[in-house]
Amino acid sequence: MSRRTPRLFAAALAVGALILGGCAEKTATDAPAAGSSSAAAFPVTVGKLTLDKRPEKIISLSPTATEVLFAIGAGKQVTAVDDQSNYPPEAPKSDLSGYQPNAEAIAGKSPDLVVLANDLNKIVDQLTTLKIPVLLAPAAATIDDTYQQITDLGALTGHPGEAADLTRKMKDDIAALTGSLPKRAEKLTYFHELGPELYTATSKTFIGSIYALAGLENIADPSDADGRNGGYPQLSQEVIVKANPDFVFLSDTKCCQQTAETVKARSGWAGVTAVKNNQIVALDDDIASRWGPRVVDLLRTIVEATAKVPA
């Protein structure tokens with residue numbers, strides 16, 4: 001998913017476009033996990049889509065789907081990915097766009113499965129008319145949505161065993177991380193920054209649910225209590241300073257070059273607890289904007305950062 005602007009990020013999620021050790025390594029491999037089986041009987045049906053045989057020319061126009069496909073061992077079946085799919089490095093990046101999908105350009109690559117995160121330009125109908133199988137895998141709202149998408153892609157690509165192994169490992173890793181959380185009398189608070197314009201995400205979003213797993217309280221929740229902003233309000237500096245978050249997490253380090261230093265230099269922020277206590281955490285923009293296997297890496301970063309604060 002592109003991180004060109006916080007507004008674009010929020011809008012993409014709203015229409016259905018939002019993690020360090022072994023899981024990241026699995027994402028970059030085609031090797032089946034020990035004890036798993038890639039054997040699958042076809043035809044396979046997921047939702048309204050039925051594939052009569054295993055697809056061998058998959059196009060992914062979703063960075064998250066790209067990560068999942070490689071994580072479950074289907075990478076060798078992927079022949080092209082969109083221009084935002086930058087992980088794993090071996091993914092066959094192309095000039096195809098998930099934001100401005102072009103049916104003719106996609107059809108020109110003769111795919112036997114196209115995976116999308118958004119139905120922009122009514123691309124699903126266009127590809128269906130061309131008799132190209134399409135799976136729409138929109139942004140997850142919960143971690144369970146992530147598990148389901150992994151399961152679906154495993155079934156459709158002939159890797160159900162590897163998909164089951166991946167979801168099991170993710171669940172085990174998340175359980176271990178959340179089980180290690182210290183007991184606190186009061187929750188630590190945080191501000192998740194999508195961009196220097198101070199767009200953020202509430203607890204009702206996928207990214208907000210990950211912070212909730214870490215036992216944190218979101219200072220943005222009161223600013224979008226009615227859901228008018230779809231979970232992505234823009235806060236004022238005054239609101240943030242008054243809320244005085246214990247942590248500031250930056251998911252705009254690549255797109256907007258934000259750092260602990262740039263935050264500390266902001267007028268009026270010197271008294272914020274996160275600034276005073278050097279609790280400004282730089283995240284990887286891509287990991288923080290996707291809902292695939294590396295969500296475990298994101299949770300680990302959050303847990304490790306907050307664990308340094310005495311209970």
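**Group meeting talk: helices, sheets and two cysteines**

Let me open with the cysteines: a search of the whole structure finds zero disulfides, a disulfide being a pair of cysteine sulfur atoms within 2.5 Å. Before I go on, please keep in mind that this is a predicted model, where local features need pLDDT of at least 70, side-chain atom pairs count only at pLDDT 80 or more, and totals for chains, interfaces and linings use all residues. Residues are numbered from 1 along each chain as its sequence is written, and side-chain values use heavy atoms, with hydrogens and water left out.

So what sits closest to the sulfur of Cys255? The nearest cysteine sulfur is that of Cys256, 3.0 Å away, and Cys255 is in no disulfide. Cys256 is in no disulfide either, with the sulfur of Cys255 as its nearest, at 3.0 Å. Cys255 has 25% relative accessibility and therefore counts as partly exposed (buried is under 20% relative accessible area, exposed is over 50%, partly exposed is in between, with a 1.4 Å probe and protein chains only).

Now to the strands and helices, which are DSSP runs numbered from the N terminus: H or I of at least four residues for helices, E of at least two for strands. Let's begin with helix 3, residues 63–71. Nine of its nine residues are buried, so helix 3 is largely enclosed by the rest of the structure. Among them are Thr64, Glu67 and Phe70. Just after helix 3, Gly73 takes a positive phi of about 85°.

Next, strand 5, residues 113–116. Is strand 5 covered on one face or both? Both: Leu113 and Val115 are buried on one side, and Val114 and Leu116 on the other. Strand 5 also has partners, and two strands pair if DSSP finds at least two bridges between them. Strand 3 (residues 58–60) runs parallel to strand 5, joined by three bridges, and Ile58 stands opposite Leu113. Strand 6 (residues 134–136) pairs with strand 5 in the parallel sense, again over three bridges, with Val114 opposite Val134.

Further along, four strands form an open sheet with parallel pairing, in the order 8-7-9-10. Its edges are strand 8 (217–218) and strand 10 (280–282), each pairing on one side only. Strand 7 (residues 189–193) and strand 8 pair over two bridges in the parallel sense, and Thr189 has Glu217 of strand 8 as its bridge partner. Helix 13 packs on this sheet, touching strand 9 (247–250) and strand 10, where contact means heavy atoms within 4.5 Å. The direction of helix 13 makes about 150° with that of strand 9; axes are lines fitted to C-alpha atoms, for helices over the stretch in contact, and angles run from 0 to 180 degrees between N-to-C directions.

Helix 13 (residues 295–306) has a helical neighbor too: helix 7 (residues 160–179) packs with it at an angle of about 5°, with the axes 10 Å apart. That makes the two roughly parallel, since angles under 35 degrees count as such, over 145 as roughly antiparallel, 65 to 115 as roughly perpendicular and the rest as oblique. Helix 7 brings residues including Met170 and Ile174 to the contact, and helix 13 brings residues including Leu299 and Arg300.

One last stop: Ser289, in the loop between helix 12 (285–288) and helix 13. Ser289 is buried, with a relative accessible area of 0%. From Ser251, Ser289 is 38 residues away in sequence and 8.0 Å away in space, C-alpha to C-alpha.
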